[in-house]
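The following exercises concern aromatic rings and their contacts. Please work through each task before reading its solution.

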Amino acid sequence: MKIDLRSDTITRPTREMQEAMWSAEVGDDVFGDDPTVNALQEKAAQLFGMEDALFCPSGTMTNQLAIRVHTRPGSDVICDKHSHIYLYEGGGIMLNSFSSVKLLDGDRGRLSAQQVTEAISPENDVHSTVTRLVSLENTMNKGGGCYYDFREIEAIRDVCRGRNIPLHLDGARLFNALVETGENPAQYGQVFDSISICLSKGLGCPVGSLLLGTGEMIREARRFRKVMGGGWRQAGFLAAAGLYALDNHVNRLKEDHSRARAIGELFATRPEVAGIFPVDTNIVIIRLNNGISEKEYVSRLAGAGILAVTFGKGLVRFVTHLDFTDDHLEVMRGRLKTF
């Protein structure tokens with residue numbers, strides 16, 4: 001049995017999700033007449049209390065579309081130095097939007113209102129870029145799946161609105177945060193100007209992300225999606241998976257979190273492990289003792305049938321997901337005893 005914990009993106013549709021996909025009514029989404037895509041977009045917008053939504057192939061695209069719409073060439077985006085939009089989206093902020101970044105050093109990737117306030121470019125300073133967007137990430141991938149205190153988000157919102165700066169959320173794993181905090185999507189729709197959510201991570205869909213915002217913003221994002229080659233046709237087969245996931249795969253995320261904590265406990269007692277990031281959701285990051293190569297360690301794990309990824313110097317990441325069950329956990333527990 002292979003234990004694949006490289007990411008929560010590796011899941012495959014459940015039988016029930018497959019049935020929903022193959023029975024979907026479809027049309028041509030570029031013409032706007034795919035009924036299942038339209039239903040997914042309407043459902044997501046209503047869930048978050050926002051005006052409209054746009055279904056896209058990836059979270060990178062939804063994030064980059066938001067940045068493109070909110071910014072102008074020569075402006076800057078405030079984000080944490082470990083943000084996905086900065087580290088893992090191919091330099092898209094520069095390439096797509098001709099914008100710079102102001103990188104902050106948050107608490108495991110979580111920014112504070114004070115940090116944001118201090119980072120905003122001074123007005124009427126010809127030497128500076130113009131701050132046109134603040135972007136948060138929740139949960140924070142590089143922070144080990146940690147999530148924000150919603151009161152801090154509200155404080156950041158107040159700072160942004162006081163300076164007329166849009167606030168974007170990279171919410172690739174937002175539902176992981178919501179099931180832990182008990183907050184609801186509509187609360188997030190009230191404080192953010194745009195939100196990106198992934199369907200292909202914890203929710204278990206094969207493909208797809210959603211961008212949420214105002215009607216005007218989504219209309220503009222739809223145009224840029226076409227420019228980026230993101231216009232698709234009978235996408236309702238994929239949208240049906242998203243509809244099924246929103247109805248059936250949100251609450252079960254707690255199971256992933258419980259198994260992630262169990263994995264953290266397994267590695268906490270190992271002599272080669274110097275420490276473990278707090279396990280808040282479905283991501284486990286271990287820090288190896290000095291002198292142990294993360295690449296060699298991941299290779300050794302693979303030899304034992306456990307797949308993980310390197311995550312920086314001395315760091316290894318594991319991510320639990322829909323296809324990792326209690327049976328997999330027990331097999332992993334047994335393999336680590338002789339590892």
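**Exercise 1: A stacked pair**

In this predicted model, Tyr-188 counts as buried, at 0% relative accessibility. Classify the pair that Tyr-188 forms with Phe-192, and state whether Phe-192 is buried or exposed.

Solution.
1. The ring centres of Tyr-188 and Phe-192 are 6.0 Å apart, and their planes differ by 5 degrees.
2. Planes under 30 degrees apart count as stacked, so the pair Tyr-188 and Phe-192 is stacked.
3. Phe-192 has a relative accessible area of 3% and is buried.
4. Tyr-188 and Phe-192 belong to one aromatic cluster together with Phe-150.

**Exercise 2: A pair between helices**

How many aromatic pairs does the model contain? Classify the one formed by Trp-22 and Phe-237, and determine which parts it ties together.

Solution.
1. The count comes to 7 aromatic pairs.
2. In one of them, Trp-22 and Phe-237 lie 5.9 Å apart, centre to centre, with 50 degrees between the planes, and the pair is tilted.
3. Trp-22 is in helix H1 (residues 15-22) and Phe-237 in helix H11 (residues 236-248), so the pair ties together parts 215 residues apart in sequence.
4. Trp-22 is exposed, with a relative accessible area of 71%, whereas Phe-237 is partly exposed at 29%.

**Exercise 3: Charges over rings**

Over which rings do Lys-142 and Arg-300 lie?

Solution.
1. Lys-142 lies over the face of Phe-311, 4.4 Å from the ring centre.
2. The charged end of Arg-300 is placed over the ring of Phe-339, at 4.3 Å from its centre.

Terms used
Residues numbered from 1 in each chain as written. Predicted model: local features only at pLDDT ≥ 70, side-chain atom pairs only at ≥ 80, totals over all residues. Heavy atoms only, no water. Phe/Tyr/Trp six-rings, centres within 6.5 Å; stacked < 30°, edge-to-face > 60°. Helix = DSSP H or I, 4+ residues; strand = E, 2+ residues; numbered from the N terminus. Buried < 20%, exposed > 50% of the residue type's maximum accessible area, 1.4 Å probe, protein only. Lys NZ or Arg CZ within 6 Å of the ring centre and 35° of its normal.
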